[in-house]
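Work through the exercises below with the model open beside you. Try each task before you read its solution.

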Amino acid sequence: MKKILIVFMLFSLTASAYAQRGNRSIDPKERAKKEVDAIKKQLKLSEKKEKDCYDAHFEHYKNHQELFKKNYTREKRREEILKERKNFHKKLQGILTKEQHIMYMNIQKEKDKKMKEGMGKRRDGQRGQGRGQHR
C-alpha cells in the first residue's frame, strides 16, 4: 500500500511540475495585446496608433512563430529573425512619432536588460530551484 501511495505522489508531483511550465509558445494575438497594453499609457497612444501598433506586433509575433516552425539552421533562423525585427521596427517608426519611438526603444532596452539579468541568475546555479528558494 505504501508503495502505491509513493508512486502516486511521485506521479502527482511530476504532472504538477509539467503543468506549471505551460505552453511556452504564446498565441501571437495574446502576446501582441499584452505588449501594446504595456506600452499604450507610457507612449500616450491614440486609439488609431494603438490599433496600428497591435497589428504590427501581431504580424511580427506571427512571423516570428512561423520562423521557428521552419527547418532552418541556427544561423539561418537568427538571420531571418534579425530581418523580421528590422522590418518590424521600420513599421513602428511609420506608426509612432519620433519621441514615441525613442521611448519605445528605451522601454525595450530596459526589458532586455531585465531579461539578461534574469538569465544570468539562472546560469549562476539557480536553475531548477522552486519558487522562494533563490539565494
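A residue counts as buried when its relative accessible area is under 20%, as exposed when it is over 50%, and as partly exposed in between. Keep in mind that this is a predicted model.

**Exercise 1. Classify Q100 as buried or exposed, and list its contacts.**

Solution.
- Start with the place: Q100 belongs to helix α5, residues 98–126.
- Take its relative accessible area, 9%. The cut-off for buried is under 20%. Therefore Q100 is buried.
- Now set aside neighbours within four places in sequence. Q100 is then in contact with L43, K44, L45 and K49.

**Exercise 2. Describe the overall make-up of the protein chain.**

Solution.
- Count the elements: five helices and zero strands.
- Read them from the N terminus: α-α-α-α-α.
- Look at burial. The protein chain has 135 residues, and 21% of them count as buried.
- Look at the surface. About 11,500 Å² is exposed, with 54% of it supplied by carbon and sulfur atoms.
- Look at contacts between residues at least 6 apart in sequence. Of these, 59% join residues at least 24 apart.

**Exercise 3. Check the lengths of α2 and α4 against the expected spans.**

Solution.
- Helix α2 covers residues 28–43, which is 16 residues. The expected span is 1.5 Å times one less than the number of residues. For α2 that gives 22 Å.
- The end C-alpha atoms of α2 are 21 Å apart, so the two values agree.
- Repeat for α4. Its 22 residues should span 32 Å, and its end C-alpha atoms lie 31 Å apart, which agrees.

**Exercise 4. Name the buried residues of α2 and α4.**

Solution.
- In α2, the buried residues are P28, A32, E35, V36, I39 and L43.
- In α4, they are R77, E80, I81, E84, F88, H89, L92 and I95.
- Look at the spacing in both lists. An α-helix has 3.6 residues a turn, so residues three or four places apart point the same way.

**Exercise 5. Which residues form the largest nonpolar core, and which helices supply at least two of them?**

Solution.
- List the 12 core residues: V36, I39, L43, L45, C53, A56, F88, L92, I95, L96, Y104 and I107.
- Assign them to helices. At least two come from each of α2, α3 (47–69), α4 (74–95) and α5.
- Zoom in on one member. Apart from neighbours within four places in sequence, V36 is in contact with E50, C53, Y54 and H57.

**Exercise 6. What is the phi of K44, and where does K44 lie?**

Solution.
- Find the place: K44 follows α2, in the loop between α2 and α3.
- Read its phi, which is near 50°. That is a positive value in a residue other than glycine.
- Classify it. A relative accessible area of 70% is over the 50% cut-off, so K44 is exposed.

**Exercise 7. Find the aromatic pair and say how its rings are arranged.**

Solution.
- The count comes to one aromatic pair.
- Its members are Y54 and F58, with ring centres 6.3 Å apart and planes at 5°. Planes under 30 degrees apart count as stacked, so this pair is stacked.
- Place the pair. Y54 and F58 both lie in helix α3, four residues apart, about one turn of the helix.
- Check exposure. Y54 is partly exposed at 26% relative accessible area. F58 is partly exposed at 23%.
- One further ring deserves a look: the charged end of K76 sits over the ring of Y72, 5.7 Å from its centre.

**Exercise 8. Describe the surroundings of H101 and E59.**

Solution.
- Begin with H101, in helix α5. Its relative accessible area is 12%, so H101 is buried.
- Step out from H101. H89 is 12 residues away along the chain, and the two C-alpha atoms are separated by 9.0 Å.
- Not counting residues up to four places away in sequence, H101 touches H89, L92, Q93 and L96.
- Turn to E59, in helix α3. At 34% relative accessible area, E59 is partly exposed.
- E59 and A32 are 27 residues apart in sequence, yet 8.6 Å apart in space, C-alpha to C-alpha.
- With residues up to four places away in sequence left out, E59 touches E84 and K91.

Notes. Residues numbered from 1 in each chain as written. Predicted model: local features only at pLDDT ≥ 70, side-chain atom pairs only at ≥ 80, totals over all residues. Heavy atoms only, no water. Buried < 20%, exposed > 50% of the residue type's maximum accessible area, 1.4 Å probe, protein only. Contact = heavy atoms within 4.5 Å. Areas by Shrake-Rupley, 256 points an atom, 1.4 Å probe, with all protein chains shown as cover. Core = buried A, V, L, I, M, F, W, Y, C linked by side-chain atoms within 4.5 Å. Phe/Tyr/Trp six-rings, centres within 6.5 Å; stacked < 30°, edge-to-face > 60°. Lys NZ or Arg CZ within 6 Å of the ring centre and 35° of its normal.
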